[in-house]
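Hi there,

Here is the structure I promised to pass along. Have a look first, and then read on for what I found in it.

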Amino acid sequence: MAINQLKSLPKVDRILDSLMAENGGPPRSVLLKAARTAIEDARRSLVAGEAPSWTGDNLEDSVLERARALVALDMRDNLRRVINGTGVVVHTNLGRSLLPSVVCDHIVNVAGRYSNLEFDLEAGKRGSRFSIVEDLLCELTGAEAAMAVNNNAGAVFLSLMALAKGHEVVVSRGELVEIGGSFRIPDVMASSGAVLKEVGTTNRTHMRDYENAIGEETAMLLKAHTSNFAVVGFTATVSLEEIVGLGKKHDLIVMEDLGSGSLVDLSQYGLAKEPTVMESVAAGADVVTFSGDKMLGGPQAGIIVGKAESVNKIKKHPVARALRIDKLTLAALETTLRLYRDPIKRMEAVPTLRMLTLDPEVIKRKARRLQARIKKLGLENLTAKVKAIDSKVGGGALPLQNLPSFGVAILIEGRTANSVEKAMRKLELPMVGRIEDDVFTLDMRTIADDEIPLAAHAAELVAGKS
Ligand SMILES: *Cc1c(COP(=O)(O)O)cnc(C)c1O
């Protein structure tokens, strides 16, 4: 029966003509590809002896409908906005930090026009892109010199290559961290040409371990922030101050990879104490590296601050060019850093800082508003419940920190949490949440006020399909 229908499969031209007639926008090549795929899918289903799952009464109509859907999918951007209902503030899979709105404005301003990216307007001659954020970074961190590259992995790699290639770098075994996405300290070290000299044990490293490891070939003592894990229990680490003291004694470079690298001591807002960039600089490290888009809340970038002698060597290394920061990123980084000059305003203006320090009562009010909106929809199969949950910082920072938060649990009659999660994720404006106690839940910490109506609409769409 299905096989008989093969003869009535429409020709490509017929589908293409229909698509062209109704679709002014997409290029012909896109329409043609969709027409071919839709017909081919239908043919395969019929040959397999089954009606295509999307077949209506009329084969041609349903092929056309399928082709229309394929065109829409193909014309949609691959990189799209999503709503983050996970409560993970610096969510690496969801784009890490959100840029402050003034930063977005400045990017637009610089992107579509010429700029003084590498032009010294005072002198009327070639300038350096490094100079754009150097003074600000020095002012904010207390460092002598600074530069920014593409990302922190690049900052670590470049610093090792410029300062320790062919020499030994001493690192505690407790700090040989893997960040995810294949960034591992030992591997980065190997690719930079520096030689890893592990000291101590996983849980305990002492001053004497560092001392005993120093030899003719040693160029650097490296401290790496453990970021996404914590060693607890019977532990011992050597402070950066002590390592700096040892470095001075033996004339070695001391570098710290801070990972997240906050410019604000968030312990004053009730979070656990994390080392700040200012503290590492004050402790006397020659080089400190950190990310632009983790706790800093700016664009993806790797920031290197420290002593002029070391930073200048890094700037001059030929590979610096390969890791150089793009002008849009630079525009974003500069504007973000400018916000940091005001200790009060930055907590409101930088979304990452704002979301990390949100008062749970404010989050609860957001949850209630979403609940009320969902209730107003009047869908019998849809229930929303406000509940206390915990959010996470993310971005490989404060892995043990739970931030008290509130979520909205969305229950749809006859649907499992997994099926709701999947449907939410596949919406035109995808809604990413998490499953808490077997219920799909939106953590309101990372959902903006103006996203509450969108979240309610998402629930309506998903419940409406049930
Ligand atoms: C995140 C992190 C990196 C890598 O930084 P990116 O900005 O993702 O390149 C390197 N080191 C540590 C300790 C980190 O936490």
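A disulfide here is a pair of cysteine sulfur atoms within 2.5 Å. By this rule, the count comes to zero disulfides. Please keep in mind that this is a predicted model.

Two cysteines may still catch your eye. Cys 104 is partly exposed, with a relative accessible area of 34%. Cys 138, on the other hand, is buried, and its relative accessible area is 15%.

Now to the overall layout. The domain assignment splits the chain into domain 1 (2-75), domain 2 (83-91 + 356-464) and domain 3 (101-349). How far apart are the centres of domain 1 and domain 2? Taken over C-alpha atoms, 37 Å separate them. The C-alpha atoms of the chain fill a box of roughly 85 × 50 × 45 Å along the principal axes.

As for secondary structure, you will find 18 helices and 17 strands in the chain. Among contacts in the chain with a separation of 6 or more, 74% are between residues 24 or more positions apart.

Some numbers on burial and surface may be handy for your setup. The chain has 466 residues, and 48% of them count as buried. Its accessible surface comes to about 22800 Å², with 50% of that belonging to carbon and sulfur atoms.

Finally, the charges: the chain carries 59 positive and 59 negative ones, and their mean positions are 3 Å apart.

Happy to talk it through whenever suits you.

Best wishes

Technical notes
Residues numbered from 1 in each chain as written. Predicted model: local features only at pLDDT ≥ 70, side-chain atom pairs only at ≥ 80, totals over all residues. Heavy atoms only, no water. Domains from an automatic or database assignment. Helix = DSSP H or I, 4+ residues; strand = E, 2+ residues; numbered from the N terminus. Buried < 20%, exposed > 50% of the residue type's maximum accessible area, 1.4 Å probe, protein only. Contact = heavy atoms within 4.5 Å. Areas by Shrake-Rupley, 256 points an atom, 1.4 Å probe, with all protein chains shown as cover. Lys, Arg positive; Asp, Glu negative; His and termini not counted. Charge placed at Lys NZ, Arg CZ, Asp CG, Glu CD.
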